[in-house]
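Biologist: I should like a close look at a single helix of this protein and at the elements around it. Please set out the reasoning step by step.

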Amino acid sequence: MFKPEIFNTLKKYSSKTFLNDLTAGIIVGIVALPLAIAFAIASGVEPERGLFTAIVAGFFISLLGGSRVQIGGPTGAFAVIVYGVVAKYGYSGLATATVMAGILLIMLGAFKMGGLVKFIPYTIVTGFTAGIAVTIATGQIGDFLGLSISVFPEGFSKMPGNFVGKIETYAMNITHINYYSLIMASLCLAIIFAWPHFCKKIPGSLIVIILATTASILLRKYAGLETDTIGSRYGTIPSTLPSPSLPQFSVETITALFPTSISIAVLAAIESLLSAVVADGMTGTKHDSDTELIAQGIANIASPIFGGIPATGAIARTATNIKNGGKTPVAGIIHAITLLLIMLILGKYAVYIPMAALSAVLINVSWNMAGFPAVKALLKGQKSDIFVLAATFLITVFIDLTVAIEFGLGFAAFFFIKKMIDVSEVQNKRDSIAGGISGNSFMEENIEVPEGAVVYEIDGPLFFGTVRKFEFAIERAGANAKVLILRMRNMIYIDAGGIRALEQAKVACDKNGITIVISGIHTQPYILFSKMGMIEKLGKENICADIKEALGRTKKLLEK
């Protein structure tokens with residue numbers, strides 16, 4: 001049932017809790033200001049669209065979400081996708097894809113599929129996150145160096161959207177460095193890295209934006225030094241929210257953008273639920289993942305209606321909210337209201353923010369996103385994990401994030417199936433009896449297999465990847481055997497391929513006068529046996545609870 005967390009928290013709401021939420025909400029709103037602008041610019045859209053997103057989506061994520069302290073808004077994870085969509089389809093295409101992603105998120109939550117996001121392999125998440133970090137950082141090289149971009153690679157009239165094209169463009173314009181911008185960006189980046197040693201509550205990104213903007217205004221006025229600003233690049237920033245308008249939908253647009261909408265929905269789900277899990281660990285609370293996904297979906301439908309871009313739960317801003325005393329979703333609502341008031345009152349001053357300072361903020365975001373400790377740890381692991389990590393990373397950087405997720409999931413599934421095949425065995429236990437092998441041998445269990453019977457034990461799942469092993473083992477069954485006992489105490493899963501293999505084994509055994517007896521079957525295989533008619537085919541009397549019962553049945557069969 002959809003029940004936003006705000007209804008639970010308001011039952012015992014107090015003036016003290018409100019003061020905590022008010023303080024945290026105002027601080028997070030101020031902190032979110034430069035990030036919202038920076039993420040919009042990194043995504044290839046106008047800076048005000050980041051503000052619209054943080055205000056509208058941030059409001060709905062807090063109002064309707066399943067987490068007490070989640071803060072929503074634009075994040076770096078979307079920059080790569082948004083940049084590519086805007087370059088190809090314009091903002092109208094992005095708005096359409098975002099609304100579609102919102103609908104998908106609502107469906108995920110409505111059908112109780114919030115838990116499935118947890119099954120996306122860690123290697124894929126780490127790989128594409130690191131790839132996004134590299135892509136964001138690459139996009140900021142021009143502003144960091146203050147390059148005056150006037151020459152583009154053949155076939156392009158503006159900055160290419162791909163990694164190689166950007167590097168080529170920077171190389172072609174490298175002689176046009178603005179050393180004033182380079183010094184400003186370098187100092188801003190140094191301050192951001194050093195700031196946490198002096199103050200952890202207020203992030204360095206906000207400090208450098210204030211300092212750089214002040215310095216830029218003064219140095220332009222008294223020293224004549226020029227650097228690109230938001231105003232010189234994008235013009236004025238609106239001081240109000242735009243009128244709501246629905247994006248244009250068509251069959252062609254929906255078909256073309258559906259894969260992109262899936263990527264946006266998957267990223268929003270992963271990042272929002274990851275942020276909610278981190279928040280749970282910091283506060284000792286528990287979020288409702290399905291409610292959170294529905295809220296994320298509504299937010300991503302509302303955001304483009306008001307001129308915004310995709311949004312999700314933001315881990316850094318959520319942590320800032322918690323550290324500054326945020327207790328309930330009211331803090332997130334106040335954060336959105338704070339941003340709205342800043343835009344209404346101070347929005348006109350945002351045009352003076354230097355692009356060099358924003359590039360330093362985004363490079364710092366990229367550094368934090370890259371996840372160097374996680375990558376380093378994975379590189380020490382097994383080869384299959386390293387391959388999936390490297391493939392996802394490289395495809396994200398050099399091709400496309402959507403393709404990276406698709407291939408990453410494909411590779412991960414392939415290696416998982418291979419591992420299951422490797423660990424699954426179908427073993428004949430007669431040798432174990434004769435040799436008295438230790439462990440789970442029949443000798444230790446004090447049981448005896450009568451002459452004319454063969455026991456095979458299935459270790460691991462019996463599915464389409466392990467069927468051939470099963471078939472090969474059955475083919476080796478003794479020619480003189482009259483009863484084949486299949487011990488399934490260690491087989492907790494079977495699929496349609498495994499059922500088919502059993503049916504074929506039953507046919508082959510029937511031809512040779514061999515009866516199959518099942519021992520120690522688990523719940524999932526038994527249910528599938530029942531649904532697909534295997535119990536009737538094998539005979540209910542031949543489905544035994546354990547090996548002793550199976551051997552008792554075997555003796556009766558051999559006496560006939």
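Modeller: A residue is called buried here if its relative accessible area is under 20%, exposed if that value is over 50%, and partly exposed in between. The model is a predicted one, and the helix I have chosen is α22, which covers residues 523-531.

Three residues of α22 meet the criterion for burial, namely Pro-525, Leu-528 and Phe-529. Viewed along the helix axis, the buried residues of α22 fall within an arc of 105°, so they line one face of the helix. The face turned away from this buried side carries Thr-523 and Lys-531, which are both exposed.

The next matter is what covers the buried side. The buried residues of α22 pack against two strands, β5 (483-490) and β6 (515-519), and against two helices, α21 (496-511) and α23 (534-538). Between α22 and the last of these helices there is a backbone feature to note: just after α22, Gly-533 adopts a positive phi of about 80°.

The two strands that receive α22 are themselves paired. β5 and β6 run parallel and are joined by 5 bridges; within this pairing, Leu-486 has Ile-518 of β6 as its bridge partner. β6 is mostly covered, with 4 of its 5 residues buried. In a regular strand, side chains alternate between the two faces of the sheet.

For contrast, two sites elsewhere show residues with more open surroundings by the criterion given above. Lys-112 is found in the loop between α4 (79-110) and α5 (122-139). Lys-112 has a positive phi of about 60° although it is not a glycine, and its relative accessible area of 51% places it in the exposed class, because the cut-off is over 50%. Ile-217, in helix α9 (residues 204-222), has a relative accessibility of 37% and therefore counts as partly exposed. Ile-217 is one of the residues that make a nonpolar surface patch of about 740 Å², which also includes Ile-337, Leu-341 and Tyr-349. Helix α14 (residues 329-346) gives the most to this patch, with 5 residues.

Finally, the setting as a whole. The protein has 24 helices and 7 strands, and 52% of its 560 residues count as buried. Among contacts with a separation of 6 or more, 83% are between residues 24 or more positions apart. The C-alpha trace spans about 105 × 60 × 50 Å along its principal axes.

Key. Residues numbered from 1 in each chain as written. Predicted model: local features only at pLDDT ≥ 70, side-chain atom pairs only at ≥ 80, totals over all residues. Heavy atoms only, no water. Buried < 20%, exposed > 50% of the residue type's maximum accessible area, 1.4 Å probe, protein only. Arc of directions from axis to C-beta. Contact = heavy atoms within 4.5 Å. Patch = residues over 30% accessible without salt bridge, like charges linked within 9 Å, V, L, I, M, F, W, Y side chains within 5 Å. Areas by Shrake-Rupley, 256 points an atom, 1.4 Å probe, with all protein chains shown as cover. Salt bridge = Lys/Arg side-chain N within 4 Å of Asp/Glu carboxyl O. Pairing = 2+ DSSP bridges.
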